[in-house]
Amino acid sequence: MDDPRKDPGTMTENGAPPAPPEAVPGERRKRPRDPNFNTPHRAAPPAPKLEDYEPIIGRPELDELRFLARHLRNKTVKMVNSTAVGGGVAEILNRMVPLLNELEVRTKWEVITGGNDFFEVTKGFHNALHGGEYVVTKEILDIFLMYNEQNRQRMEFAEDIVVIHDPQPAGLIKSKGERGKWIWRCHIDLSNPHPDVWGFLRPMIEQFDATLWSSPSFTRQLPVPQYLFFPCIDPLSEKNKPVDQATVQKVCDDFGIDRSRPILTQISRFDRLKDPVGVIQAYKLAKRYVDCQLVLAGGGASDDPEGAVVLREVMNEAGDDPNIIILNLPPWSALEINALQQASTVVIQKSLKEGFGLTVAEALWKGKPVIASAVGGIPTQVIHKLTGVLVHSVEGCAYQIRYLLTHPEFAEQLGKNGHEHVKENFLMTANVKRYLLLFQILLGVAQPKKLETA
Amino acid sequence: MAAAQAPSAQLRWAGAPFYFNSAAHLTRIGREKATNLGELLAGMKACPDASIFQHTFQTLREHHFIREGFSNDFAHWAFAACNEVGLAERLSVIDVREVTSVVGLRERLVNITSEYLEQNPRARDRAAFEPFYFCASESVVIPTPYVARNLAEFSEALHKVSRHSIYYHFIDARLRLKLNTNDFSLWLENELDLGVVADRINGIDIYTQTLQDVRRAILRIIDKAG
């Protein structure tokens, strides 16, 4: 490979790296300082059937799913969210709805519609519920209520169970009648919400029969039952299915990654909250003691102006170190991400703030030792020194890199435990099982076992 | 005339068959949370019985794959979030196999934590890295198709059932039975007259082995008995 320091494209007159050039579709660029890669579009494989999960979770687990579903046969369920494509919720529903139907729980998925003004409001709500600044006006609330009312008039709610995902369709609760049970699935962290936005939504949420949360730390005090429903990954998706070594090797070759040496990887969009600069600093500290390469792979720098700025900051921090490989990938790169995770010696998630952080579950599922910040939903996935290691600083991250690279048996045990942790708690099938059980309890089909206390 | 010999273990038939069950669980998030050890103690005293059960028994199912570490959520939090290793060690000594009621279990947890805070008063109000959230479990029993009438059938079924079934019969059973034993041992002793086998199975250490290890250990004991 050419010495990047001799590449005139990597340096400007004032010594700063140049702005990343536009990606050229189909072209593989191997210059380490050009982070823009394209990856081929692939046809989506057919959705997996329940039987396809047997080699992963075992026959008894599948039997238990079928048993729980048997008592819900011909019950009807409706899932409602705000987008059919893109985002974690749509990804989960895309897999879960067919599985519920295969189990003969008649499940429909409907998406609410709205104009740009509605989605601007709901985006504002989303940020405000995460603690961001926001000015709530009557006009904003009216837009939210108007579109919810329009959708409510358009939709029918004759199902036994209605599951509303996230705040956008929360106003549909007005259609709750005598018959059906309504569930609100909150996928976001409400630990520090904007008081005006939460104050507006809260009366709606209090009308649901149950609420579901990704982590106990994300909840609010509510007078309705709150259940823990972890987000999940699909072990048969492009991003998580087993990948053969030839594919892993090809992806590494394409990206200029040397598999004969340790590989540290962080998969995250280029966002300051993911602290990619901190990851490079930790790598540099660790590199004084152990040989390794660092791969920072993600997206968001092509269509997000802020992402492009962060990418430049990352490239500045990386300087001319040929062992730092920065990859700005398009959104359809699931297979490449999968291969990068498989090729990694250690996976890092050094976020400053995080939702649930499902990239951690993806890495754990692949049996990788994970170093991650103790923020958001990460401590639920990474139990310190058992399923990974938690860190609170650049220095802590650097130390753990050194430790894991020099104690491969410990790293391997973390990876094994992490894989089992995901298998037990964070797989799609575990999510389906939770829903089946909740439906049974809400519909009175099953009575929870009475705890013997005396 | 020679006395009739008892049939070998493999040939004995049970009067009452063993029906393998399993259980599915939902975790309900409780109202109590603790941000320091003083609040943990208050929560231990006030939380529902189902929370005590969740953080001592259920956590063994949720983390069945871990062989090391502290044995219950309270101990783990005292260590990981409060850096109070001494308390973590004392809490982790509690073995759910020695208790037959949640009331007794709560009492032990409260006593250990109270004593520790009396000896280490400064630990009471020191803020933890992250809060402890009291949760509770709602469980539904699931019958399985597996039934055993003799040792061979028992062994065959044990190979096939899920780890949730093993948890249900081997760990969860202790509160149900109100005895220091488990469903497997009780049946083997009562129905197949295999008291020694039952005792050996009951002695398997659930804190240093995964549920899969427990399955393998039971099968090894049964193989030897046969």
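**A note on the largest cavity and on D160(A)**

1. By class, seven nonpolar, three polar and one charged residues line the largest cavity. Please keep in mind as you read that this is a predicted model.

2. Which residues make up that lining? They are V89(A), I92(A), L93(A), H165(A), R185(A), H187(A), F230(A), P231(A), C232(A), N431(A) and Y435(A). Two elements of chain A, α3 (88–102) and α15 (428–443), each give two or more residues to this lining. The largest share belongs to α3(A), with three residues.

3. How much space lies in the largest cavity? The figure is about 50 Å³. Counting cavities of 30 Å³ or more gives three. As general background for these figures, a probe the size of a water molecule, rolled over the atoms, shows where empty space is left.

4. Now to a single residue, D160(A). You will find D160(A) in chain A, in the loop that runs between α5 (138–154) and β3 (161–165).

5. Is D160(A) buried or exposed? Its relative accessibility is 12%, and buried means under 20%, so D160(A) counts as buried.

6. Which side chain does the side chain of D160(A) meet in a polar contact? The partner is the side chain of R179(A), at 2.7 Å. R179(A) also appears in the list of residues in contact with D160(A) once neighbours within four places in sequence are left aside. That list also holds N74(A), K75(A), T76(A), G180(A), K181(A) and L443(A).

Terms used: Residues numbered from 1 in each chain as written. Chains lettered and ligands numbered in written order. Predicted model: local features only at pLDDT ≥ 70, side-chain atom pairs only at ≥ 80, totals over all residues. Heavy atoms only, no water. Helix = DSSP H or I, 4+ residues; strand = E, 2+ residues; numbered from the N terminus. Buried < 20%, exposed > 50% of the residue type's maximum accessible area, 1.4 Å probe, protein only. Polar contact = N/O pair within 3.5 Å; in protein donor to acceptor, adjacent residues only side chain to side chain. Contact = heavy atoms within 4.5 Å. 1 Å grid on protein atoms, 1.4 Å probe; cavity = no way out; pocket = protein on both sides within 12 Å on 5 of 7 lines; lining within 4 Å. Points joined across faces, edges and corners; volume = space filled by probe spheres on them. Nonpolar A, V, L, I, M, F, W, Y, C, P; charged D, E, K, R; others polar.
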